[in-house]
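Trainee: I have a model open and would like to practise arguing from values to labels. Could we go through it together?

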Amino acid sequence: MQEQFATQVAAAHDSVQRRTDARPSFGVILGSGLSEAAEAFEGDVVAYGDIKGLPEPRVAGHSGTLTVGKTTAIMAGRSHFYEGYSLDQLVLPVFLLHSIGVRTLVLTNAAGAINPAYRPGSIVLISDHLNLLGVNPLTGPNNDSLGPRFPDMTEVYDAGLRGLARTVAGEDLAEGVYAAVPGPSYETPAEVRMLKTLGADLVGMSTVPEAIAARYLGMKVLGLSSVTNAAAGLGEGTLDHAEVVEVGRSIRTRLISLIEGLSAAHSHAD
Ligand code: HPA
């Protein structure tokens, strides 16, 4: 993080505080095509454009709103490394959510399946990750008042939250290791074989910087992957972004009810 990052977080925090006084402790950052999920939640809606320093998502299917309710804050729309943003910009939403009181964070994404047991259209819980972006959001001077210089990453994705997700979903959701790659080109079949050798079950282009930042800040993290396709070379034919978005949308209703259930369970536990 850059020296001025704390100032940027404070500015983003001010923009939000001016529009709401809610202090939710449960937060969600939604991936591609899931913006409508935010509409299922009540709260004060703040457009990303009104939050200082927050990049406006450029990918179709991301609307860019933060909904702040009594117990839950939802960010609909995320920016990606492949769009050319700095990692500071990519993790600003996590620091912002932390600054308004969020301590449990759900990160959703679309992912390609490397594990042949995953069917397109299913939801998989992230159990661990491989950061293959070649960069880390915590690079740069450390602000010791926020988190440690060398944060532990033994359990980035909270096992208790995974158990809760299974209970709420009422099914034995599979779990697996998510590899984050820079994109925006999809992988070659050789790269997918490499990722499999490295221990990856899922591949995608997001989530890991946010998860690292959230753990740094001491938040509990749940990662939910919507499996949109078999990774390159493992399915039939080639990969098409429109199809990825379409399958992502088809999982939307299940994902939304899972998030609603988690939010309700969280507010009861509070
Ligand atoms: N690879 C990388 N990112 C993705 C994929 C994929 O196959 N599907 C959805 N996001």
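Trainee: Happy to start with strands. In which sense do strand E6 (residues 123–131) and E9 pair, and over how many bridges?

Mentor: Good place to begin, and keep in mind that this is a predicted model. E6 and E9 pair in the antiparallel sense, over three bridges. Two strands count as paired at two bridges or more, so this pair qualifies with three. One of the contact points is Ile-123, whose bridge partner in E9 is Ser-226.

Trainee: What makes strand E5 (residues 104–113) and E9 a pair, and in which sense?

Mentor: Ten bridges link E5 and E9, in the parallel sense, against the required minimum of two. Here Ala-110 has Ser-226 of E9 as its bridge partner. Ser-226 is also the partner of Ile-123.

Trainee: Why is E9 called largely enclosed?

Mentor: A residue is buried when its relative accessible area is under 20%. Nine of the eleven residues of E9, which spans 220–230, are buried, so the strand is largely enclosed by the rest of the structure.

Trainee: How do you know that helix H5 (residues 208–216) is largely enclosed?

Mentor: The argument runs the same way: eight of the nine residues in H5 are buried, so the rest of the structure largely encloses this helix. Among the buried ones are Val-208, Glu-210, Ile-212 and Tyr-216.

Trainee: Which elements do the buried residues of H5 pack against?

Mentor: They pack against strand E1 (26–30), helix H2 (87–99), E5, E6, strand E7 (175–180) and E9. Contact here stands for heavy atoms within 4.5 Å. Just after the helix, Gly-218 takes a positive phi of about 85°.

Trainee: What makes the whole protein chain agree with a compact globule?

Mentor: Set the value against the rule. For 270 residues, a compact globule would have a radius of gyration near 18 Å, and this chain has 17 Å, which agrees. The C-alpha atoms fill a box of roughly 50 × 40 × 35 Å along the principal axes, and 52% of the 270 residues are buried.

Trainee: How much of the contact set joins residues 24 or more positions apart?

Mentor: Of the contacts with a separation of 6 or more, 82% join such residues. The chain that makes them has seven helices and nine strands.

Trainee: And how many positive and negative side chains are there?

Mentor: There are 19 positive and 29 negative side chains, and the centres of the two sets lie 2 Å apart.

Definitions and conventions. Residues are numbered from 1 along each chain as its sequence is written. This is a predicted model: local features need pLDDT of at least 70, side-chain atom pairs count only at pLDDT 80 or more; totals for chains, interfaces and linings use all residues. Side-chain values use heavy atoms; hydrogens and water are left out. Helices (H or I, at least four residues) and strands (E, at least two) are DSSP runs, numbered from the N terminus. The radius of gyration is taken over C-alpha atoms; the globule rule is 2.2 Å times the number of residues to the power 0.38. Buried means under 20% relative accessible area, exposed over 50%, partly exposed in between (1.4 Å probe, protein chains only). Lys and Arg count as positive and Asp and Glu as negative; His and the chain ends are not counted. The place of a charge is taken as NZ of Lys, CZ of Arg, CG of Asp or CD of Glu.
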